Amino acid sequence: MIIDFHTHCFPDDLAPRAMSKLSQNSGMPYYHDGTLSGLKESAKKAGIDMCVVLPIATKPQQTRTINRWALSVMEKNKDIICFGTVHPEFAEFKEEIKWLKENGFLGIKFHPDYQDFFVDDKKMYPFYDSIAKNDMIMLFHSGVDPAFMPPYHCTPKRLQRVLKDFSGAKIIAAHMGGYRFFDEALECLIGEDVYLDTSFFFGEVDIESPEEIFREHGIDKILFATDSPWKDQKREVEYVDSLRLSEEEKEKIFWKNAQRLLGLKIVHRAN
């Protein structure tokens with residue numbers, strides 16, 4: 001069983017334009033066409049059973065439209081779990097978070113660079129408070145995004161402040177706590193009460209023993225993730241399989257930690 005906790009896709013009519021623009025701005029290649037069918041085909045080739053899709057509203061007016069699309073995706077695809085999105089300038093965020101909760105969404109993804117806010121800005125605390133009170137997950141892009149220049153809006157040090165102010169909340173730091181900020185992530189986030197996803201970690205960070213980092217943080221709080229379509233899902237699965245980990249540790253990273261965090265009572269292998 002494998003759950004990919006960090007993936008992206010777009011409506012079919014938007015995908016070609018979105019992928020072209022995002023690839024051009026970031027300088028990164030992509031490994032499927034950005035559609036839902038492209039993601040599902042990629043996951044099947046990699047032996048991945050479920051994908052968590054993380055949409056982002058880059059404008060306030062996109063919030064409701066994206067969330068309704070995400071709900072339609074989940075209703076038609078039992079192997080897809082979508083998080084919701086709320087833009088920081090969306091005035092009716094409390095009502096939208098309530099709607100997300102009532103419609104079965106388990107979490108909300110924030111991308112502080114694309115959404116133009118610093119993760120520890122107190123103006124965001126009402127958002128975090130509302131999400132936490134609804135017992136939902138907060139997932140943050142952390143570290144560098146290649147499409148942007150500094151200052152980066154969610155560094156490990158900034159995110160550490162949020163962890164302290166929202167102790168006990170369900171928080172995930174993508175990219176093992178901070179893409180291209182791994183030294184700071186080691187100092188500020190490893191060992192803290194935060195889940196770390198593995199997207200843009202394998203092959204990006206020059207360390208001899210990622211296994212020891214996982215164990216130091218706590219295997220129970222490591223989530224397998226690829227950031228597909230920006231990484232090859234099959235290759236990311238192979239990275240984990242190649243690590244010097246026990247089968248039980250690999251199972252926790254591949255799916256058991258995700259299953260527990262998402263509250264999935266039964267996980268079926270996708271057809």
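# Questions on a predicted model

The protein in this predicted model has 10 helices and 8 strands.

Trainee: What radius of gyration does the protein have, and what does the globule rule give for 271 residues?
Mentor: The C-alpha atoms fill a box of roughly 50 × 40 × 40 Å along the principal axes. For 271 residues the globule rule gives 18 Å, and the value for the protein is close to that, so it is as compact as a globular protein of that length. The radius of gyration is 17 Å, against 18 Å from the rule.

Trainee: What percentage of the 271 residues is buried?
Mentor: The accessible surface comes to about 12300 Å², and 48% of that surface belongs to carbon and sulfur atoms. Counting as buried means a relative accessible area under 20%. The buried share of the 271 residues is 57%.

Trainee: Among contacts between residues at least 6 apart in sequence, what percentage joins residues at least 24 apart?
Mentor: Contact here means heavy atoms within 4.5 Å. Of the contacts between residues at least 6 apart in sequence, the share joining residues at least 24 apart is 75%.

Trainee: How far apart are the end C-alpha atoms of helix H10?
Mentor: Helix H10 covers residues 247-262, which is 16 residues. At 1.5 Å a residue these should span 22 Å. The computed separation agrees with that: 21 Å.

Trainee: On which residue is the kink in H10 centred?
Mentor: The kink in H10 is about 55°. Its central residue belongs to the buried residues of H10, which include Phe-254, Trp-255 and Leu-261. Just after H10, Gly-263 takes a positive phi of about 70°. The kink is centred on Ile-253.

Trainee: Is Ile-213 buried or exposed?
Mentor: Ile-213 lies in helix H8, residues 210-217. Leaving aside neighbours within four places in sequence, Ile-213 is in contact with Met-176, Phe-182, Leu-186, Ile-190 and Ile-207. Its relative accessible area is 13%, and the cut-off is under 20%. Ile-213 is therefore buried.

Trainee: Which residues does Lys-231 contact, leaving aside its neighbours within four places in sequence?
Mentor: Lys-231 lies in the loop between strand E8 (222-223) and helix H9 (233-242). With a relative accessible area of 15%, Lys-231 is buried. Its contacts are Tyr-31, Phe-200, Phe-202, Glu-204, Thr-226 and Glu-236.

Trainee: With which residue does Arg-244 form a salt bridge?
Mentor: The closest N and O atoms of the pair are 3.8 Å apart. Arg-244 lies in the loop between H9 and H10 and its partner in helix H8, so the pair ties together parts that are 33 residues apart in sequence. Arg-244 is exposed at 58% relative accessibility, whereas the partner is buried at 3%. That partner is Glu-211.

Trainee: What separates the closest N and O atoms of Glu-212 and Arg-215?
Mentor: Glu-212 and Arg-215 are 3 residues apart in helix H8, which means a separation of about one helical turn. An α-helix has 3.6 residues a turn, so residues three or four places apart point the same way. Glu-212 is partly exposed at 45%, and Arg-215 is partly exposed at 35%. They form a salt bridge whose closest N and O atoms are separated by 3.0 Å.

Trainee: Which residue pairs with Arg-235 in a salt bridge?
Mentor: The closest N and O atoms are 3.5 Å apart. The two residues are 3 apart in helix H9, about one helical turn. Arg-235 is partly exposed at 37%, and its partner is partly exposed at 32%. The partner is Glu-238.

Trainee: Which residue does a cis peptide bond join to Ser-228?
Mentor: Most peptide bonds are trans. In this bond omega is about 15°. The partner lies in the loop between E8 and H9. It is Pro-229.

Trainee: What phi does His-175 have?
Mentor: His-175 lies in the loop between strand E6 (171-173) and helix H7 (182-188). His-175 is buried, with a relative accessible area of 4%. Although His-175 is not a glycine, its phi is positive, at about 60°.

Conventions: Residues are numbered from 1 along each chain as its sequence is written. This is a predicted model: local features need pLDDT of at least 70, side-chain atom pairs count only at pLDDT 80 or more; totals for chains, interfaces and linings use all residues. Side-chain values use heavy atoms; hydrogens and water are left out. Helices (H or I, at least four residues) and strands (E, at least two) are DSSP runs, numbered from the N terminus. The expected span of a helix is 1.5 Å times one less than its number of residues. The bend at a residue is the angle between axes fitted to the seven residues ending there and the seven starting there. Buried means under 20% relative accessible area, exposed over 50%, partly exposed in between (1.4 Å probe, protein chains only). The radius of gyration is taken over C-alpha atoms; the globule rule is 2.2 Å times the number of residues to the power 0.38. Accessible areas come from the Shrake-Rupley method with a 1.4 Å probe; for residues, only the protein chains shown count as cover. A salt bridge is a side-chain nitrogen of Lys or Arg within 4 Å of a carboxyl oxygen of Asp or Glu.
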